[in-house]
Amino acid sequence: MPSLLELSQGGSTLEYLTKRGVPESPPTALSNIKSLSLSSMSLRNVEVILGTVYLITSCPKLQNLTVECEPEELIVEPVV
């Protein structure tokens, strides 16, 4: 069976993957991944951050990592 060497995921997929909690042990499919690309991440979404950290730490042979975050709006509250 061929092994998975590259994986690309987006923010909504990362959020979906962690909806029921992060699994205790990673799937064996992640064990040979050498290139991981994560895009459209929102740093305001805890589920997306958890999914990202989980994927990164689940790829022991990881050599290339690309992470792209969504720009966040700066919220400025008036001081009265």
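# Briefing: core, sheet and helix H2

The largest nonpolar core has 10 residues, namely Leu7, Leu14, Leu30, Ile33, Leu36, Leu38, Met41, Val48, Leu55 and Cys59. The elements that give two or more residues to this core are E2 and H2, and the largest share, three residues, comes from E2. The model is a predicted one, and its secondary structure comes to two helices and three strands, which follow the pattern β-α-β-α-β when read along the sequence.

**Overall make-up**

- Of the 80 residues in the protein, 24% are buried.
- The protein exposes about 6100 Å², and carbon and sulfur atoms supply 56% of that area.
- When contacts between residues at least 6 apart in sequence are considered, 85% of them join residues at least 24 apart.

**The sheet**

- The three strands form an open sheet in the order E1-E2-E3, and the pairing is parallel.
- Because E1 and E3 stand at the edges and each has a single partner strand, one side of each is left without a neighbour in the sheet.
- From one strand to the next, the twist averages 5°.
- Strand E1, residues 6-10, runs parallel to strand E2, residues 35-41, and five bridges join the two.
- Strand E3, residues 64-69, pairs with E2 in the parallel sense, again over five bridges.

**Residues that link the strands**

- Strand E1 has a covered face made by Leu7 and Gln9, whereas Glu6, Ser8 and Gly10 form its uncovered face.
- Both residues of that covered face can be placed against E2: Leu7 has Leu36 as its bridge partner there, and Gln9 stands opposite Leu38.
- Leu36 of E2 also stands opposite Leu65 in E3, so that, as a matter of pairing, Leu36 is matched with Leu7 on one strand and with Leu65 on another.- Leaving aside its neighbours within four places in sequence, Leu36 is in contact with Leu7, Leu55, Ile56, Cys59, Leu62, Asn64, Leu65 and Thr66; among these, Leu7, Leu55 and Cys59 belong, like Leu36, to the largest nonpolar core.

**Helix H2 and the crossover**

- Helix H2, residues 46-57, makes a right-handed β-α-β unit together with E2 and E3.
- The helix lies across E1, E2 and E3, and it runs at about 175° to E2.

**Thr52, a buried residue of H2**

- Where in the secondary structure does Thr52 lie? Thr52 is part of helix H2.
- Is Thr52 buried or exposed? Thr52 has a relative accessible area of 6%, and because buried means under 20%, Thr52 counts as buried.
- With neighbours within four places in sequence left aside, Thr52 is in contact with Leu14, Leu38 and Met41, three residues that are listed in the largest nonpolar core.
- Leu38, one of these contacts of Thr52, is also the residue of E2 that Gln9 stands opposite.
- Thr52 and Gly10 are 42 residues apart in sequence, yet their C-alpha atoms are 9.8 Å apart in space; Gly10 belongs to the uncovered face of E1.

Conventions
Residues are numbered from 1 along each chain as its sequence is written. This is a predicted model: local features need pLDDT of at least 70, side-chain atom pairs count only at pLDDT 80 or more; totals for chains, interfaces and linings use all residues. Side-chain values use heavy atoms; hydrogens and water are left out. Buried means under 20% relative accessible area, exposed over 50%, partly exposed in between (1.4 Å probe, protein chains only). Helices (H or I, at least four residues) and strands (E, at least two) are DSSP runs, numbered from the N terminus. Two strands pair if DSSP finds at least two bridges between them. Contact means heavy atoms within 4.5 Å. Accessible areas come from the Shrake-Rupley method with a 1.4 Å probe; for residues, only the protein chains shown count as cover. A crossover is right-handed if, with the strands pointing away from the viewer, the path from the first strand over the helix to the second runs clockwise. A nonpolar core is a set of buried Ala, Val, Leu, Ile, Met, Phe, Trp, Tyr and Cys residues joined through side-chain atoms within 4.5 Å. Axes are lines fitted to C-alpha atoms, for helices over the stretch in contact, and angles run from 0 to 180 degrees between N-to-C directions.
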